[in-house]
Amino acid sequence: MNKKIGGQIAILLVSIILGLMLASQFKNVQRVGGNVSLQRTQELTSEIQKLKQENDAISKQLREYEKSIWEYENAAQDDGKVSETLHKELDRARMLAGFNDLQGSGVIVTVKPYTYQSEFGDTQIVSNVNYEDLLKLINELNAAGAEAISVNNERIISTSEIRNAGDYIVINTNRYSIPFEIKAIGNPETLEAALKLLGGVADELSTVLDIEIKRSDNIKVLKYTRPMQFEYAKPVQENK
C-alpha cells in the first residue's frame with residue numbers, strides 16, 4: 001500500500017513540474033509573440049505556406065507514383081496498354097524536363113529600369129537591369145512553388161544560363177535587352193505574395209527598378225528548344 005501511495009505521489013509531483021514548465025513556456029511564447037515585427041510575421045506566414053505547399057506537393061506526387069504503379073501492373077496483364085502507359089510517362093518526363101509547352105495560371109513580372117528626362121531632353125536610365133536581379137526573382141518564384149518559368153519566352157531549366165554580356169543579358173545563348181518579362185506558372189496568390197513580401201526581393205529591387213507584378217489565369221510558357229546532350233554524365237549502375 002505504501003509503495004502504491006509513494007508511486008502516486010511521484011506521478012503527482014512530475015505532473016506538477018511538467019505543468020509549471022508548460023505554463024512558463026507558454027508565457028515566454030506570448031512575450032516573444034508580442035514583440036514580433038510585421039515583417040517577421042509575414043516571413044513566418046510565408047514559410048508556413050511554403051511548407052504546406054511542399055507537403056501537398058509530396059502527397060500529390062506520392063498519389064501519382066501509386067497510380068503509375070497501378071497502371072504498370074494492369075498494363076503488364078494487357079500488352080496493348082503498355083505502349084499507352086509508357087507514352088504517358090514519357091510526356092510527364094518531357095514536361096518536368098521543360099521540353100513541352102505549358103499553360104496555366106500564375107504571375108507575369110515585368111522588369112525595366114526607371115528613366116528620367118535630362119536637361120538636354122534625352123531619356124536617361126537610373127539603373128539598368130542586371131542578370132543578378134533576374135536570378136533573384138527567379139529563385140524567389142522557384143522557392144514559392146513555380147512549376148514553369150520563362151524569361152522573354154526563354155524557358156528556364158536546370159542548364160539555363162543568365163549572364164551579362166555588355167549592354168545585353170544572355171539567356172539560353174540568346175541576347176536580350178530591356179524590358180524583361182518573367183512568366184511563372186503556379187499558384188497566383190502564393191507567387192504574388194512571395195514577391196511582394198515586405199523586405200523581400202521585389203521590395204528590395206523596386207528601389208532601383210520598375211517592377212510590375214500581375215496575376216493571370218492563362219499563362220503560356222514555351223518549351224526549351226535547344227538540344228541537350230550528355231557526354232560525360234552517365235546513369236549510376238546500382239549493382240556495380
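Visitor: What volume does the largest pocket have?
Guide: The structure above is a predicted model, and its pockets were found by computation on the protein atoms alone. For the largest pocket, the volume comes to about 990 Å³.

Visitor: Which helix or strand supplies the largest share of the lining of the largest pocket?
Guide: The lining of the largest pocket is made up of 30 residues, and among those nearest its centre are Ala57, Leu96 and Gly145. Several elements each supply at least two residues of this lining, including α3 (79–97), β1 (102–113) and β4 (148–151). The largest share, 8 residues, nevertheless belongs to one helix, α2.

Visitor: How many residues of the lining of the largest pocket are charged?
Guide: When the lining residues are divided by kind, 13 of them fall into the nonpolar group and 9 into the polar group. The remaining group, the charged residues, has 8.

Visitor: Is Glu140 buried or exposed?
Guide: Glu140 sits in helix α4, which covers residues 131–143, and, leaving aside residues up to four places away in sequence, Glu140 touches Lys50, Ala194, Leu195 and Val201. Its relative accessible area is 18%, and a residue counts as buried when that value is under 20%. Because 18% lies under this cut-off, Glu140 is buried.

Visitor: What percentage of the contacts with a separation of 6 or more joins residues 24 or more positions apart?
Guide: The protein chain has 240 residues, of which 27% count as buried, and it is built with 6 helices and 10 strands. Among its contacts with a separation of 6 or more, the part that comes from residues 24 or more positions apart is 72%.

Terms used: Residues are numbered from 1 along each chain as its sequence is written. This is a predicted model: local features need pLDDT of at least 70, side-chain atom pairs count only at pLDDT 80 or more; totals for chains, interfaces and linings use all residues. Side-chain values use heavy atoms; hydrogens and water are left out. Helices (H or I, at least four residues) and strands (E, at least two) are DSSP runs, numbered from the N terminus. Buried means under 20% relative accessible area, exposed over 50%, partly exposed in between (1.4 Å probe, protein chains only). Contact means heavy atoms within 4.5 Å. On a 1 Å grid over the protein atoms alone, a cavity is a set of points where a 1.4 Å probe fits but cannot get out, and a pocket is an open set with protein on both sides within 12 Å along at least five of seven lines; lining residues have an atom within 4 Å of a point. Grid points are joined across faces, edges and corners, and a volume is the space filled by probe spheres set on the points. Ala, Val, Leu, Ile, Met, Phe, Trp, Tyr, Cys and Pro count as nonpolar, Asp, Glu, Lys and Arg as charged, and the others, Gly among them, as polar.
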